[in-house]
Amino acid sequence: MATTSIETDLQLSDNALTVLGRRYLKKDTDGNVGERPEDMFRRVAENIASADGTHGASDGEVAALADAFYGIMTRREFMPNSPTLMNAGREFQQLSACFVLPIEDSMESIFQAVKDTAMIHKSGGGTGFSFSRLRPAEDIVSSTRGVSSGPVSFMKVFDAATEAIKQGGVRRGANMGVLRIDHPDILRFIEAKTDHSHLTNFNLSVGATEAFMRAVQKGLAFDLVNPRTGEKSGALDAREVFHRMAELAWQGGDPGIVFLDRINEHNPTPHVGAVEATNPCGEQPLLPWESCNLGSINLARFVSGTGRAAKMDWDGLRAAVHLAVHFLDNVIDMNKLPLPQIAEQTRANRKIGLGVMGFADMLILLGTPYNSQQAVHTAEQVMQFVTDEARVRSRELADRRGAFPNFVGSVYDQSGQEPLRNATLTTIAPTGTISIIGSCSSGIEPLFAVVYTRHVLDKDELLEVHPIFEQVAREQGFYSPELMKEIAARGTLHDIEEIPDEIRELFATAHDITPEWHIRIQAAFQEYTDNAVSKTVNFPNEATIDDVEHVYRLAYELGCKGVTIYRDGSRDEQVLTTGRTEKAREGDEPVQIGPRERPMVVTGQTRAMRTGCGKLYVTLNRDEQGPFELFAAMGKAGGCASSQSEALARMVSLAFRCGIPAEQVVRQLKGISCHLPAWEPGGERVLSCADAVAKAIERFITPEGEQLSMDFSGGANHAGACPDCGGTLVHEGGCNVCRDCGYSQCD
């Protein structure tokens, strides 16, 4: 972005302005921002309101509606999904975030889907697929007298196409891959991301059936079915497969689970088809060729009063829901969808997904801890209200504009029931980017941090303090810059004695909350949500595979439609101290200026380290004084990764030869993150090539069975570095989000 400041009369945070400038506001050919935030909101409001003109509204009525849409967005009460903000009122005019495409069991269908995916990703959308119709690996292919390579191999084709298309885009393509639990290749699918450098543009979810879950409960085997023939092709032990799913999710987050039969129990148009897949974050089950059109209400804006007098503004929330449903229905009319089949299916069902964000902020304003039964009750109460009022407005729109075309034959087509304009109305989506614009907590997630360090373009770092917490801290007299820095370092208020117990409970962050409470909140929202709920269940690093299994069972028992877990695996904040480094600080060892000469013979070892760029082979050679030089070579020749690894190795070698202790080198390199981490056998995460070099050196210099002394600091959900700005990625709602610049894998 060429410009670094944005003028506005709106009360938007610096972070919101950064996100808007980087991703949403119009720019000229030199990258200079060409509109203010007010202009963007006006552009979107007028474009979406103009749909009323096609339904008979006068120019004055359209203008009044545009003012209402403008107001609800600029007051940060409601935000549509990112493509609508980016593209409404512009030439592109593609307004939907996510799509589901069909894949049949033929080469023609597979590669047509690859082409269609490319068109959708180019337009700024993400895609979901069921690969369940594809014949399994090594199955017969009669036309070529060969054998099939199976669903997982074709997923790699989609992944490669996404990787090629996303380069340089404003939004990056994301995919969801679903495979039914009874597919013969289910174990290959579950293990497809064991090497975390593979399928990096995919989230994976196992499509669990009721039969499978009953088999898990009873400890039985379940049948595998060849989709080509429809015949049984084997059986597996349900609990063993369930355990393997939990184990792989424990290691790296994939696969998640979607409960397919439960989703189809709530399919409003079974006469049109069955739901086989979801969008990339799992909150929007869709029929083949459908797109999803989302928006979220900021619940924190509908709390009136403060302290003990705080209460929900139900009248204000009702008005916002009605206006938001009107907005999202108009989006369908104004949308220029990338494929005619998608336009036809989307307009036949007219599904919208109105959700919420700012739930954690709302609870704080109401004085309710997130991990409490009162929070569960509040979630049920709020979401029931939103869905009920959304249906009221959808019926009013149907009365004026007609029901959705597939209404006849739908579950709503019953005697005495009024028609609806939209087949579905509510969805709980991740809101990583739009919640930054709205200055609120993301979706229904707890706070990701109370104080965190934000990287900015013109400064090294800036402490961001949650505004409600800062207000409380100042009012109660425990605010200080030093305390804020300590909170940012810890990532939690836990065990900070200067802060009152009730404040610590109220401002609990994601990892202060047990997985059971995460699931109970998700289930509370799911009970009153038409579609599904995107929610990350956070686990501490020390959680076990059995803990993950327990949460999967609990999610099923409580009525969730799917579940995604994320176990904190970062070890990137470690500070290393040894006796040798302490002596160097005290001056007991002389400081050598200039590199020492290389002897004729050195001895060393080579270690292979996994990185997101491939295998990195790290060689450390020693002389009589200790580590002397280091070489780092990528398993594949050429490219930036190889040249940067060589440069890094030369600088490390220079440090060794100048007498810098190896422990200090490790301290400087360990924890550096990139956007593509990898996992070593045994589960240790390698955050980048630099982190791999540090870990390799640490293993060279640390006696077997011992560990260097470490101090832990940092925040929850750390998921690597942002590929755009280098800030910290946070895992929320099944997606990685950067709170510095607004980058999101999915939103």
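This is a short tour of a predicted model, with a suggestion at each stop for what to select next.

**Stop 1: colour by confidence**

Start by colouring the protein chain by pLDDT. The chain averages 88, and 89% of the residues score at least 70. Now select residues 570–593, where pLDDT stays under 50. The model still has 45 contacts beyond four places in sequence for residues 570–593. Next, select residues 705–715, another stretch with pLDDT below 50. Beyond near neighbours in sequence, residues 705–715 have 25 contacts in the model. Where pLDDT is low, the predicted coordinates should not be read in detail.

**Stop 2: the three-stranded sheet**

Switch to a cartoon view and select strands S1 (78–80) and S17 (353–357), together with S14 (residues 294–298). These three strands make an open sheet with mixed pairing, in the order S1-S14-S17. S1 and S17 each have a single partner strand, so each has one side without a neighbour in the sheet. On average, and ignoring direction, neighbouring strands here are turned by 25 degrees against each other.

Look along S14 and S17: they run parallel and are joined by five bridges. Show Ile297 and you will find it opposite Val356 in S17. Then add helix H11 (residues 314–334), which packs on this sheet and touches S1, S14 and S17. The direction of H11 makes about 165 degrees with that of S14.

Before leaving S1, step back to the loop between helix H3 (59–74) and S1, where Arg76 sits. Arg76 is a residue other than glycine with a positive phi, near 60 degrees.

**Stop 3: H2 against H11**

Keep H11 on screen and add helix H2 (residues 37–49). The axes of the two helices come within 8 Å and cross at roughly 75 degrees. That angle makes H2 roughly perpendicular to H11, because values from 65 to 115 degrees count as such. Show side chains for Val44, Asn47, Ile48 and Ala49 in H2, which meet Phe327, Asn330, Val331 and Met334 in H11. By class, this contact of H2 with H11 has six nonpolar residues, two polar ones and no charged ones.

**Stop 4: the eight-stranded sheet**

Now move to the open sheet of eight strands, ordered S13-S2-S3-S6-S7-S10-S21-S20, again with mixed pairing. Its edges are S13 (291–292) and S20 (536–539); each has a single partner strand, so one side of each is left without a neighbour in the sheet. Select S2 (residues 98–101) and S3 (residues 126–130) to see two parallel strands joined by four bridges. One residue to label here is Phe99, whose bridge partner in S3 is Thr127.

Helix H20 lies across S10 (256–259), S20 and S21 (562–567). Compare the directions of H20 and S21: H20 runs at about 155 degrees to S21.

**Stop 5: H20 and its partner H19**

Stay with H20 (residues 545–557) and add H19 (residues 515–527). Their axes are 10 Å apart, and the helices pack at an angle of about 20 degrees. Angles under 35 degrees count as roughly parallel, so H19 is roughly parallel to H20. H19 passes H20 in a right-handed crossing. On the H19 side, select Pro515, Glu516, Ile519 and Arg520; on the H20 side, select His550, Val551, Leu554 and Ala555. Colour the contact of H19 with H20 by residue class and you will get five nonpolar, one polar and two charged residues.

**Stop 6: H8, H9 and a cis peptide**

For the last stop, select helix H8 (residues 210–218) and helix H9 (residues 238–252). Their axes cross at roughly 100 degrees and come within 8 Å, an arrangement that makes H8 roughly perpendicular to H9. H8 brings Phe212, Met213, Ala215, Val216, Gln217 and Lys218 to the contact, where they meet Ala238, Arg239, Val241, Phe242 and Met245 of H9. The contact of H8 with H9 divides into eight nonpolar residues, one polar and two charged.

Follow the chain from H9 towards S10, and in the loop between them you will find Pro255. Which kind of peptide bond joins Asp254 and Pro255? Check omega in your viewer: the bond is cis, with omega about 0 degrees.

Notes: Residues numbered from 1 in each chain as written. Predicted model: local features only at pLDDT ≥ 70, side-chain atom pairs only at ≥ 80, totals over all residues. Heavy atoms only, no water. pLDDT = per-residue confidence, 0-100. Contact = heavy atoms within 4.5 Å. Axes fitted to C-alpha atoms, helices over the stretch in contact; angles between N-to-C directions. Parallel < 35°, antiparallel > 145°, perpendicular 65-115°, else oblique. Left-handed = near helix turned anticlockwise from the far one by under 90°. Nonpolar A, V, L, I, M, F, W, Y, C, P; charged D, E, K, R; others polar. Pairing = 2+ DSSP bridges.
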